[in-house]
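Could you walk me through this protein: how its helices pack and where its pockets sit? I'd like a plain tour I can follow with the model open on my screen.

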Amino acid sequence: MARRAVERELSRERILEAARHLFITKGYRAISMRSIGQHLGYSHGSLYYHFKEKAELFYAIVMKDFNDLNDLLLEVSARPLCEGMSKLEQLMLEFIRFGLDNPYQYEIMFMIRDEELLAYCRAEQGRCFDMFAILVRQYLLDDQYSEEERRTVPRTLFLSLHGFISYYIQDRIGFDEIKPAALAHIKVLCRSLYSKV
């Protein structure tokens, strides 16, 4: 009975947060289930109640983070327009906010370099980009963009946002601190899109 109480106390969410932090700061290969347990103050056996192995734990982190971002993108697309901003600008601004306010998540999702781990991320990266592209295309008027442009513009915007986030994330600058630069960045991107009209 005491073991069950401890296992409930050590929530899946707590394990995910600790593991995410350790994977980013020390690297996936340097971390074991034992070291995650020690970091949390529990035996590694407690972790196996939630996850069979380290790879399953890593994949759970990746899935949760991408699901959170996809949910945010859908939620932004359903929001009413903000004064002075187009829906496309709102979408891009929230993408930047997510990256800068969740640096550990963003790094695991889009910046991890370990080939073994990329296998866990690639499919989810593709799913996230597809969602982003669908939403962006909703805001591109059919009669003003060729089929080729409708295919390439979302990738161009996505990569531009990723570059912006990647530049500032290394200094752990939060979104509120950099918001004016983020707004200027998306305004320039959208101005170049709308100048076509």
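Here's a tour that goes from the overall layout to the helix contacts and then to the pockets.

**The overall layout**

Keep in mind that this is a predicted model. The chain has ten helices and zero strands, so to speak a run of α-α-α-α-α-α-α-α-α-α when you read along the sequence. Its C-alpha trace spans about 65 × 35 × 30 Å along the principal axes.

The chain is divided into two parts: domain 1 covers 7-51 and domain 2 covers 59-193. Their C-alpha centres lie 29 Å apart. Where the two domains touch, domain 1 puts in 13 residues and domain 2 puts in twelve residues.

**How H2 and H5 meet**

Start with H2 and H5, the latter made of residues 54-78. The axes of these helices come within 10 Å and cross at roughly 95 degrees. H2 and H5 are therefore roughly perpendicular to each other, as angles of 65 to 115 degrees count as such.

On the H2 side, look for Arg12, Glu13, Ile15, Leu16, Ala19, Arg20 and Phe23. They meet Lys54, Leu57, Phe58, Ala60, Ile61, Lys64 and Asp65 in H5. Sorted by class, that H2 and H5 contact has eight nonpolar, no polar and six charged residues.

**How H5 and H7 meet**

H5 also packs against H7, with the axes 10 Å apart and an angle of about 105 degrees. That makes H5 roughly perpendicular to H7. From H5 come Phe58, Ile61, Val62, Asp65, Phe66 and Leu69, and they meet Gln105, Ile108, Met109 and Phe110 in H7. By class, this contact of H5 with H7 has eight nonpolar, one polar and one charged residues.

If you're clicking through H5, Phe58, Ile61 and Asp65 are worth selecting: they appear in the contact with H2 and also in the contact with H7.

**The pockets**

Now for the empty space. Here are the two pockets side by side.

| Pocket | Volume | Lining by class |
|---|---|---|
| Largest pocket | About 200 Å³ | six nonpolar, one polar, three charged residues |
| Second largest pocket | About 170 Å³ | four nonpolar, three polar, two charged residues |

Where does the largest pocket lie with respect to domain 1 and domain 2? Both domains give residues to its lining, so the largest pocket lies between them. The lining is made of Phe23, Ile24, Gly27, Tyr28, Glu107, Met111, Ile112, Arg113, Asp114 and Leu117. Helix H2 (12-26) and helix H7 (103-111) each supply at least two residues of that lining. Phe23 turns up twice on this tour, as a lining residue of the largest pocket and as one of the H2 residues that meet H5.

The second largest pocket is lined by Phe110, Arg122, Gln125, Gly126, Phe129, Arg155, Phe158, Leu159 and His162. Which elements give two or more residues to this lining? They are helix H8 (115-138) and helix H9 (147-169). Phe110 is another residue to look at again: besides lining the second largest pocket, Phe110 is one of the H7 residues in the contact with H5.

Key. Residues numbered from 1 in each chain as written. Predicted model: local features only at pLDDT ≥ 70, side-chain atom pairs only at ≥ 80, totals over all residues. Heavy atoms only, no water. 1 Å grid on protein atoms, 1.4 Å probe; cavity = no way out; pocket = protein on both sides within 12 Å on 5 of 7 lines; lining within 4 Å. Points joined across faces, edges and corners; volume = space filled by probe spheres on them. Helix = DSSP H or I, 4+ residues; strand = E, 2+ residues; numbered from the N terminus. Nonpolar A, V, L, I, M, F, W, Y, C, P; charged D, E, K, R; others polar. Domains from an automatic or database assignment. Axes fitted to C-alpha atoms, helices over the stretch in contact; angles between N-to-C directions. Parallel < 35°, antiparallel > 145°, perpendicular 65-115°, else oblique. Contact = heavy atoms within 4.5 Å.
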